[in-house]
Amino acid sequence: MIASSCSVYKKPALGQENIINVLADQTIFDTHYPQLERIFSHSIFTPTEEKLFSLNRITIDEFHQGFSRHKNLILLANIDSDDPEAQYIKKMLTDGVLEGVRNGDYYYAVKKDAWAKDQTVLFLLDSKSIYLGGYLERFSDKIFGFFYDKMISDIKDRLFDRFNNKTAEEFLKKEYNVEMFIPHEFNIGERGEDKDKFIRFRRTNPDRWLTLLRSDYNTEISFQENIIQTRDRIGRHFADSVRINPEILNFTPDSTFVKDGLKVQGIWEYIDGGGPFFTYAFIKNGSFYLIDGAVFAPSKDKYPYIIQLDLMAKTTKFLELEN
C-alpha cells in the first residue's frame, strides 16, 4: 500500500515521542482536529495542564524539509481533494485502496519505519462521502494505541535494562519482604518504621520518587480519607514537608493489585511548588498498602516520568500477599 524509501538503511527518527506531527491541509486538519485532540491529548495537571500527546500540523514543504523523519506522523487526507498534502499522500496509495476509502471499506493504515528507523506513521483517509469522522468516534482506543503502545514500549526498553539496582532489590526483599524491579540510578531514600513502615526510592535529574508503604487502616474514616491522611503523613518525612492538593484529586477503581483497590491521581505540593503523583491503594489481610509515585521537574515534561514510575510500580510484589 505504501511505497518504501529507496535506501535499505534508515537513520534514527527525530523529535519528541510525545509530539505527533500531522501532514494535512488546513481545512481537513480543522475538520478532524477536535476528534484527534480528544483521542490523543489526555491531560494531567503538573500543576499546569500537560497533554500526553500534542498535535502539530505540518505542510508538505515542512514534511520534505525534515519532518518526514520524525518519530510520530499522521498523514491525514481527503482523497477527493486537490490540496498538495492530499495529492502527495494519494501517490502512496493503490487504486484499489482509493476506491475502498470512497466505499467506506478503508480509513486507516499503519506503517513502521517508513522514512526513519523507530518511526510510526498512521494514514487517516477520508473522502467526499465523509466516513472518517465516524470511524474515529468508534475506534478511538485503537487509533490511540498505535502511538501510546509504542511510547510505552520505548519507555520500557529504557527503564528495564540489565543495569538495575540489584543491591537495592535485595535489601527491599530482605528487610520488607517485597520484590520490585528497581532501575538504574534509583537509590534508597527515606524510610519509616513503627506505624508507617515505608521505603522510598529516588532518582534525580529530574527528581522522581516511588514509595512503598504498609500501615494501619483507620476504620473510622473513608478509604479516600485514609489515603489522603496517610500520604500527607509520610509526606512530612521529606526535607520540605509535602501534602496533597485537595482541589486536584481523582479516585478511580483499580484492580492492579487487588480486586477492590483504588488509583489516585493528583498534585502534591509544598511551599515552593509541586508536581503530579499517583497512588495505588488497597487493603489486604487487615493492612493498608500504598504504592506511590511522584515527580518534581519544573519547566520539563512530566508525563514520561509518571509513566516510568507507573511501570516500575506495577512490578511490585508484597510477598506476604503472594503466599
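**Exercise 1. How many aromatic pairs does the count come to?**

Solution. Before counting, fix the ground rules. This is a predicted model, where local features need pLDDT of at least 70, side-chain atom pairs count only at pLDDT 80 or more, and totals for chains, interfaces and linings use all residues. Residues are numbered from 1 along each chain as its sequence is written, and side-chain values use heavy atoms, with hydrogens and water left out.

Step 1: take the rings of Phe, Tyr and Trp (its six-membered ring) and pair them if their centres lie within 6.5 Å; planes under 30 degrees apart count as stacked, over 60 as edge-to-face and the rest as tilted.

Step 2: count. By this rule you get 30 aromatic pairs.

Step 3: try one. Phe144 and Tyr148 sit 4.9 Å centre to centre with 20° between the planes, a stacked pair. They are four residues apart in helix 6, so about one helical turn separates them. (Helices, H or I with at least four residues, and strands, E with at least two, are DSSP runs numbered from the N terminus.)

Step 4: check burial, where buried means under 20% relative accessible area, exposed over 50% and partly exposed in between (1.4 Å probe, protein chains only). Phe144 is buried at 12%, while Tyr148 is partly exposed at 26%.

Step 5: now try another. The ring centres of Tyr217 and Phe223 are 6.1 Å apart and the planes stand at 75°, so this pair is edge-to-face. Tyr217 is partly exposed at 24%; Phe223 counts as buried at 16%.

Step 6: look for a cluster. Ring pairs link Phe257, Phe278, Tyr280, Phe282, Tyr289 and Phe318.

**Exercise 2. Work out the five-stranded open sheet and place strand 7 in it.**

Solution. Step 1: get the order. The strands run 4-1-5-7-6, with mixed pairing; two strands pair if DSSP finds at least two bridges between them.

Step 2: find the edges. Strand 4 (54-58) and strand 6 (108-112) have a single partner strand each, so one side of each lacks a neighbour in the sheet. From one strand to the next, the twist averages 25°.

Step 3: go through the partners of strand 7 (residues 120-126). Strand 6 pairs with strand 7 in the antiparallel sense over five bridges; for example, Lys112 has Thr120 as its bridge partner, and Lys111 stands opposite Val121. Strand 5 runs parallel to strand 7, joined by seven bridges, and there Asn72 stands opposite Thr120.

Step 4: sort the side chains. In a regular strand they alternate between the two faces of the sheet. Here Thr120, Leu122, Leu124 and Asp126 point one way, Val121, Phe123 and Leu125 the other, and all are buried. With seven of its seven residues buried, strand 7 is therefore largely enclosed by the rest of the structure.

**Exercise 3. Which residues touch the most other members of the largest nonpolar core?**

Solution. Step 1: set up the core as buried Ala, Val, Leu, Ile, Met, Phe, Trp, Tyr and Cys residues joined through side-chain atoms within 4.5 Å.

Step 2: rank the members. This core has 56 residues, and Phe40 and Phe201 touch the most others. Helix 6 (residues 140-159) gives the most to it, with eight residues.

Step 3: list the neighbours of Phe40, with contact meaning heavy atoms within 4.5 Å. Skipping those within four places in sequence, Phe40 is in contact with Ile20, Leu52, Phe53, Leu55, Ile74, Ile143, Phe144 and Phe147.

Step 4: don't miss the other core lying apart from this one, with 21 residues including Ile89, Leu98, Ala114 and Val121.

**Exercise 4. Describe helix 8 and what covers it.**

Solution. Step 1: check the span. Helix 8 (residues 223-235) has 13 residues and reaches 18 Å from its first C-alpha to its last, close to the 18 Å expected. That expected span is 1.5 Å times one less than the number of residues.

Step 2: pick out the buried residues, which are Phe223, Asn226, Ile227, Ile228, Thr230, Arg231, Asp232, Ile234 and Gly235.

Step 3: name the cover. It includes strand 10 (197-203), strand 11 (207-215), strand 12 (243-254), strand 13 (261-270), strand 14 (273-284) and strand 15 (287-296).

Definitions and conventions. Contact means heavy atoms within 4.5 Å. Axes are lines fitted to C-alpha atoms, for helices over the stretch in contact, and angles run from 0 to 180 degrees between N-to-C directions.
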